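Welcome! Here are some short exercises to work through with the model in view. Try each task yourself before you read its solution.

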Amino acid sequence: MTAKQRYRSKMRICYDMLRVIQEEGGEAGPTRILYGANLSDDRLKRYLAELIERGLIEEVERDGKRMYRLTDSGRMFIVHFRKMTEFAKAFGMVL
Amino acid sequence: MGLHAFFVFDAFTEFFSALTALFVAYYSLKAYKILDDSRMVALNLGFSILGVGMLVHGAIKVRIALAVLSGVPVPPAKRLPLVRLGYTLAFATELAAYALILLATIKKPSSQELEATLVPPLAAPLLEYDFRSEALLAVLALLIAVKAGIGYSQRESRLAGLVSLGFALLAVGHLLLVFGGPLKLIAADVARLLGFACLLWMVVKVSRVGA
């Protein structure tokens with residue numbers, strides 16, 4: 001993480017978590033999300049609950065393990081976030 | 001270009017620019033909802049003010065054009081207050097809009113900073129076409145172009161090149177008005193039309209990201 005990117009907004013963190021799940025093929029375990037999105041255990045639990053509440057991910061069980069699956073709304077959020085990031089960058093803004 | 005054609009072209013430029021500005025404002029609002037970044041509020045306010053100001057200025061221009069083209073002799077003294085009101089409105093809204101857009105590209109503004117940016121344009125006295133006001137707008141537009149140009153040169157975004165070019169053309173448009181003359185008035189309109197076309201193209205390209 002560069003000095004410029006030290007602070008991540010809440011939406012950026014949500015995007016990072018969703019991106020990790022997408023890169024894992026649409027489903028990922030909590031440990032993978034924690035490392036991929038660079039989060040503490042506390043924050044991970046808080047943000048996972050929020051993403052579920054917003055309907056961006058859903059909790060599923062795979063061989064007795066807890067996994068998180070990206071929903072269609074989650075995929076849409078990723079696309080919109082990328083578009084709006086490009087829009088902000090077009091004005092020379094660093095996010 | 002005849003007088004009739006000039007009025008049509010001038011009104012078209014004004015309305016095209018206004019609708020483009022409002023379209024960018026709409027995108028800024030969408031960006032604010034998704035990115036939750038206060039700079040997008042400043043950008044949204046800036047482009048909204050710019051768009052509404054140009055819509056009203058365009059309507060005033062059409063009103064004056066209809067009066068001139070109708071052939072009914074209207075003494076210039078009766079038209080002058082409307083012309084001055086239109087120009088003052090255009091100047092005040094452009095000044096506020098450029099200041100807000102520039103602020104958005106520099107830092108995350110607080111609500112006090114947003115309010116402070118809006119106060120000086122509201123205090124603008126009634127103006128006629130004036131080289132100092134156009135020069136001020138040209139400098140602000142150029143600063144926005146430079147800031148976006150820095151983003152482009154650092155390869156952060158290709159689209160920043162379009163924003164930079166767009167605002168550079170708007171600055172050229174204001175500079176042409178500084179020097180005056182009928183041909184330069186048409187050239188200024190062309191520069192502004194191309195400037196807003198660049199901004200529109202940028203938004204269209206953003207909408208295609210990930211499609």
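**Exercise 1. Find out what share of the residues of chain B count as buried, and describe the chain's helices and strands.**

Solution. Keep in mind that this is a predicted model. Begin with burial: of the 211 residues of chain B, 46% count as buried. Next, look at the secondary structure, where chain B has seven helices and zero strands. Reading along the sequence therefore gives the pattern α-α-α-α-α-α-α. Now turn to contacts: among those in chain B with a separation of 6 or more, 76% are between residues 24 or more positions apart. Finally, chain B exposes about 10,300 Å², and carbon and sulfur atoms supply 72% of that area.

**Exercise 2. Explore the largest nonpolar core and name the residues that touch the most other members.**

Solution. The largest nonpolar core holds 72 residues, and those touching the most other members are A:M17, A:F87, A:F91, B:F47, B:F167 and B:M202. Which helix gives the most to this core? That is helix α3 (residues 76–106) of chain B, with ten residues. Then pick B:F47 and set aside its neighbours within four places in sequence: its contacts include A:F91 from the other chain, as well as B:I101, B:F167 and B:L199. To finish, look for a second, separate core; this one has six residues, including B:F6, B:F7, B:I186 and B:L193.

**Exercise 3. Describe the interface between chain B and chain A.**

Solution. Start with the residues: 30 from chain B and 22 from chain A take part in the contact. The area buried between the two chains is about 2,200 Å², with carbon and sulfur atoms giving 72% of it. How many salt bridges are counted between chain B and chain A? The count is zero, while two residue pairs are found in polar contact across the interface. On the side of chain B that touches chain A, the elements giving two or more residues include α1, α2 (38–69) and α7 (182–207). Of the elements on that side, α1(B) gives the most, with eight residues.

**Exercise 4. Decide whether A:Y47 is buried or exposed, and list what A:Y47 touches.**

Solution. First locate A:Y47 in helix α3 (residues 41–53) of chain A. A:Y47 is buried, because its relative accessible area of 6% is under the 20% limit. Leaving out residues up to four places away in sequence, A:Y47 touches A:K10, A:I13, A:C14 and A:M17.

**Exercise 5. Compare the surroundings of the partners in three salt bridges.**

Solution. Over all chains, the structure holds 15 salt bridges.

- A:R12 pairs with A:D16, their closest N and O atoms being 3.7 Å apart. Both lie in helix α1 (residues 10–23) of chain A, four residues apart. A:R12 is partly exposed at 25%, whereas A:D16 is buried at 6%.
- A:K45 pairs with A:D41 at 3.4 Å, N to O. They sit four residues apart in helix α3 of chain A, so about one helical turn separates them. A:K45 is exposed at 55%, and A:D41 is partly exposed at 44%.
- B:D37 pairs with B:R39 at 2.8 Å, N to O. B:D37 is buried at 5%, and B:R39 is buried at 8%.

**Exercise 6. Trace the network of salt bridges that includes B:D10.**

Solution. Salt bridges with shared partners join B:D10, B:E14, B:K61, B:D189 and B:R192 into one network. B:D10 itself lies in helix α1 (residues 3–35) of chain B and is buried, at 9% relative accessibility. Beyond four places in sequence, B:D10 touches B:K61, B:D189 and B:R192.

Note on methods. Residues numbered from 1 in each chain as written. Chains lettered and ligands numbered in written order. Predicted model: local features only at pLDDT ≥ 70, side-chain atom pairs only at ≥ 80, totals over all residues. Heavy atoms only, no water. Core = buried A, V, L, I, M, F, W, Y, C linked by side-chain atoms within 4.5 Å. Buried < 20%, exposed > 50% of the residue type's maximum accessible area, 1.4 Å probe, protein only. Contact = heavy atoms within 4.5 Å. Areas by Shrake-Rupley, 256 points an atom, 1.4 Å probe, with all protein chains shown as cover. Buried area = accessible area lost by both parts, 1.4 Å probe. Salt bridge = Lys/Arg side-chain N within 4 Å of Asp/Glu carboxyl O. Polar contact = N/O pair within 3.5 Å; in protein donor to acceptor, adjacent residues only side chain to side chain.
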